[in-house]
Each structure stands twice: as structure tokens, then as C-alpha cells.
Amino acid sequence: MASKFLQLYGYDLLLGSIAAFYVFMVPYTKVEESFNIQAMHDILYHRHHLDNYDHLEFPGVVPRTFIVRSALGCIILYTLSFLRIQVRNKFGHQVEAFFVIFTAIQFHLLFYCSRALPNILAMGVGDSFLRSNFYILTYSITTNALTFHPYGLLELLDINLAYGHWLKGNFYTTLNYLVFATTIFRCDVVLLLCPLGLEFLLTKSISFWRALKCCTVTTLLCIGLTVLVDSIMWKRILWPEFEVFWFNSVLNRSSEWGVSFFKEFSCEISPYESSSFTHSIHWYFTSALPRSLLAAYPLFMVSLELLGVLLDRRLLPLVLPALSFVVLYSKLPHKELRFIISSVPIFNLSAAVAASRIYNNRKKSFWKFLNLIMLGLLLISLGCTIITFMASYENYPSGHALKELHQIGQASRL
């Protein structure tokens with residue numbers, strides 16, 4: 001019984017334990033999470049007294065939706081589990097194992113899944129919303145997040161489910177999830193939706209007219225939902241993601257969130273990570289992805305070179321849309337790692353296929369050498385993740401100071 005349980009849920013327990021460890025060891029938050037944290041506070045304490053809500057006095061640069069649900073960190077792990085199962089069904093147990101290993105030894109994905117960050121919100125709430133597995137319609141400010149603990153990254157949630165259904169061959173369901181994420185949570189998911197939809201059309205996986213009808217209905221329903229809820233919460237007629245799209249893309253003012261120190265000395269420097277500046281067009285490929293993928297990055301690059309030659313031909317249609325998503329995002333001057341974090345699962349899958357091929361051929365002389373390099377990269381990645389965690393743990397001085405202050409106050413009352 002125990003062995004069967006571990007066989008079914010062992011990988012989920014591993015990833016869940018790592019994510020929970022990050023939550024308990026680094027419970028404090030940074031400025032990017034402040035709106036969502038305040039939203040949690042307001043919904044719990046002010047409830048229906050909307051006039052007392054913090055967002056009306058401090059609305060931020062752009063408005064965000066109030067549609068969210070509870071325990072988002074758990075939902076993200078659930079959707080990651082769903083994606084993992086589809087990886088196993090399509091590529092086998094060994095690729096699944098490497099997919100989990102790469103995810104476990106990377107810092108950013110599991111750390112971010114416990115943060116009340118805007119970008120994570122779209123990654124999985126869609127399935128929960130449609131299946132009603134969790135509480136419906138709670139709320140969030142600045143792209144979503146409500147829960148009894150600061151969980152975020154719904155973008156990641158919805159997109160994980162889209163990836164899973166994509167691997168499963170449910171193409172219209174995949175499009176629906178991405179439309180849901182684009183319309184309500186993150187308008188920039190359209191940069192993934194368009195390449196993916198184009199690929200489905202070119203490979204004749206979908207009918208143009210049926211897809212148009214399906215996506216139009218989903219879009220109208222989502223717009224109606226977000227306008228209804230957010231107009232009440234913001235006390236004006238509002239579609240939050242349309243305003244975000246207008247501000248960032250049409251007006252091209254996204255760089256106002258931060259500019260490079262070397263370009264403008266009066267910049268606003270984000271304490272969350274140094275990537276909230278404007279960067280060169282190649283920054284995602286030369287800095288963000290190497291830091292987030294670690295050992296998976298060189299294997300992913302190898303898989304790109306060997307697609308259709310030595311590796312699985314099924315990878316090419318999976319990798320191209322995610323790669324296009326990052327390339328298109330590179331056009332925006334304001335760049336942060338979390339903006340493209342939804343591409344990480346697909347890149348991990350590509351690296352896992354390469355790692356599986358290397359492992360299977362490890363007894364051959366050349367492949368044995370590659371296997372030793374791969375093992376070394378895994379150990380280096382683990383070390384990098386430990387160092388990054390230690391840096392993140394020390395990166396909340398105000399949180400530690402407040403904790404000390406509360407302890408002094410409690411001690412003085414004794």
C-alpha cells in the first residue's frame with residue numbers, strides 16, 4: 001500500500017515539500033507582492049465594506065482583477081502534477097522522472113509558486129474555476145491572489161493545465177485555458193496563445209471556424225465576468241487586463257516600472273530581483289533562462305540543436321510556441337524573469353527528453369562522457385539553488401526587523 005502511494009504521489013510530495021519549505025523559511029514579502037497581500041487582508045478583515053479597501057486609496061500603476069481563489073500554491077502544484085502525468089503518458093516514466101528532478105533542483109519555479117505575485121496567477125486557476133474544486137470568487141488586486149497565505153502565479157496555473165491538455169491532444173481545451181488566462185489574469189499570455197493557435201492551424205489540429213467560435217464565446221464570458229466583479233470592486237466600469245495591455249503595449253510605458261541604472265540614475269530599483277530594469281533583447285536567453293533552468297538550460301539548448309535528429313521529433317511542435325513566447329516578450333523593454341516563467345515547464349520537458357536519451361546510452365563511450373557532464377551539472381544546479389535560497393532568506397531585512405520588534409513587544413508585556 002505504501003509503495004503504491006509513493007509510486008502515485010511520491011513526485012508530488014517531493015515538489016510539495018520543497019515548495020512548503022520555501023513558504024515556511026521565507027514567509028516575508030516584497031513590494032511586488034504588496035497589493036495582493038493587502039487584498040488578502042482587506043477581504044478577511046473588511047469583507048463587504050469596500051470603502052475601507054486599500055486599493056481605492058493606493059491603486060497602483062494599473063488596476064488588476066479581483067477574481068481569485070484559495071490555496072493557490074496547492075493549485076499550482078496540482079496543475080504541475082497534471083502536467084507531469086501527461087508527460088509520463090506521452091514520453092514515458094524516465095522522462096517524467098527527469099522532468100521532476102529538473103523542477104525540484106531549480107529555485108525560482110517552486111519558490112514563486114508560494115508568492116503572491118501577479119504573473120503566477122494565470123497558470124492554473126482556470127481548471128479550478130471550471131471544475132469548482134476550490135472556493136469560487138474571492139479576490140485579488142494587481143493580478144490576482146487571494147488565499148489564507150500569500151500564494152500566487154495563477155498564470156502558471158492556467159498555463160500548466162493548457163500544457164497538459166496540449167500533450168493530451170485536447171487542442172480546443174488548451175486554447176480555452178489560454179484565453180481565460182489572457183482575458184482575466186495576464187493579457188501578455190496572448191504572446192503564447194497566438195503562436196500556439198497558429199501551430200494548431202498549420203498542423204490541422206483544429207478547425208479555424210470552430211476555434212474562432214470557441215475562443216470568442218470563452219472571451220465574451222470571461223470579459224463579462226471580470227468586468228462585473230472588478231467594476232464593483234474598483235467602483236468604475238473596468239476591464240483590468242485591457243488597461244494593462246493599453247498601458248504596457250499600446251502606450252509602451254512598461255519601462256516606467258524600472259529602467260537600467262546605467263541608462264538613468266533616477267530609476268526605481270526593485271528589491272525583489274535585479275531583473276526589473278530594461279535590458280537588451282537577448283537578456284531572457286543570456287541571463288533569465290540560464291538562472292531559472294540551471295542544468296536544464298544546456299540540455300534544452302542541446303535538444304534544440306538535435307531536434308528530429310537524435311531526439312524525439314514530438315518535441316519540436318512543443319518547444320516552438322514556448323520559444324516564440326520568449327522571443328516576442330523580448331521586444332518589451334521592461335524585463336523580469338517572472339514574466340516568462342510560464343515557459344519553464346516546456347523547456348524542462350525538452351531538457352528531460354535530452355537527459356533521458358543521454359542516460360539510456362550511458363554505457364557507450366561518448367555518451368558515458370555526456371552522462372558524467374550531466375551528473376555534474378545536476379550537482380552544480382543543486383548548489384546554485386541552495387545558494388540562491390540562502391540569499392533569498394537574507395533578502396527580507398525589514399521582515400526580520402518587524403519580527404524582532406514584535407518579540408521585544410511581547411517580552412515587555414510579560
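**Helix packing in a predicted model**

Helix 8, which spans residues 171-185, packs against helix 10, residues 208-234, at an angle of about 30°, and the two axes lie 9 Å apart. Because angles under 35 degrees count as roughly parallel, helix 8 is described as roughly parallel to helix 10. The crossing of helix 8 past helix 10 is right-handed. The arrangement belongs to a predicted model.

The residues that form this contact may now be located on each helix. On helix 8 they are Tyr172, Leu175, Asn176, Val179, Phe180, Thr183 and Ile184. On helix 10 they are Arg210, Ala211, Cys214, Cys215, Thr218, Thr219, Cys222, Ile223, Leu225 and Thr226. Taken by character, the residues of the contact of helix 8 with helix 10 comprise eleven nonpolar, five polar and one charged.

One residue of this contact, Cys222 of helix 10, can be examined further. Cys222 has a relative accessible area of 6%, and it is therefore classed as buried, the limit being under 20%. Cys187 has a relative accessible area of 13%, so this residue is buried by the same limit. As for cysteine pairing, a disulfide requires two cysteine sulfur atoms within 2.5 Å, and by this rule the model contains zero disulfides.

A second helix pair can be read in a similar manner. Helix 4, residues 93-105, and helix 16, residues 365-393, pack at an angle of about 35°, with their axes 9 Å apart. Helix 4 contributes Phe98, Ile101, Phe102 and Ile105, which meet Met374, Leu378, Ser381, Leu382 and Thr385 of helix 16. The residues of this contact of helix 4 with helix 16 divide into seven nonpolar, two polar and no charged.

The reader may next turn to a loop. Pro27 is situated between helix 1 (2-25) and helix 2 (34-45). With a relative accessible area of 35%, Pro27 is partly exposed, because this value falls between the limits of 20% and 50%. Pro27 and Tyr393 are separated by 366 residues in sequence, yet their C-alpha atoms are 9.1 Å apart in space.

Finally, the protein may be considered as a whole. It contains 17 helices and zero strands. Of its 414 residues, 52% count as buried. Among contacts with a separation of 6 or more, 80% are accounted for by residues 24 or more positions apart.

Notes: Residues are numbered from 1 along each chain as its sequence is written. This is a predicted model: local features need pLDDT of at least 70, side-chain atom pairs count only at pLDDT 80 or more; totals for chains, interfaces and linings use all residues. Side-chain values use heavy atoms; hydrogens and water are left out. Axes are lines fitted to C-alpha atoms, for helices over the stretch in contact, and angles run from 0 to 180 degrees between N-to-C directions. Helices (H or I, at least four residues) and strands (E, at least two) are DSSP runs, numbered from the N terminus. Angles under 35 degrees count as roughly parallel, over 145 as roughly antiparallel, 65 to 115 as roughly perpendicular and the rest as oblique. A crossing is left-handed if the near helix is turned anticlockwise from the far one by less than a right angle, and right-handed if clockwise. Contact means heavy atoms within 4.5 Å. Ala, Val, Leu, Ile, Met, Phe, Trp, Tyr, Cys and Pro count as nonpolar, Asp, Glu, Lys and Arg as charged, and the others, Gly among them, as polar. Buried means under 20% relative accessible area, exposed over 50%, partly exposed in between (1.4 Å probe, protein chains only).
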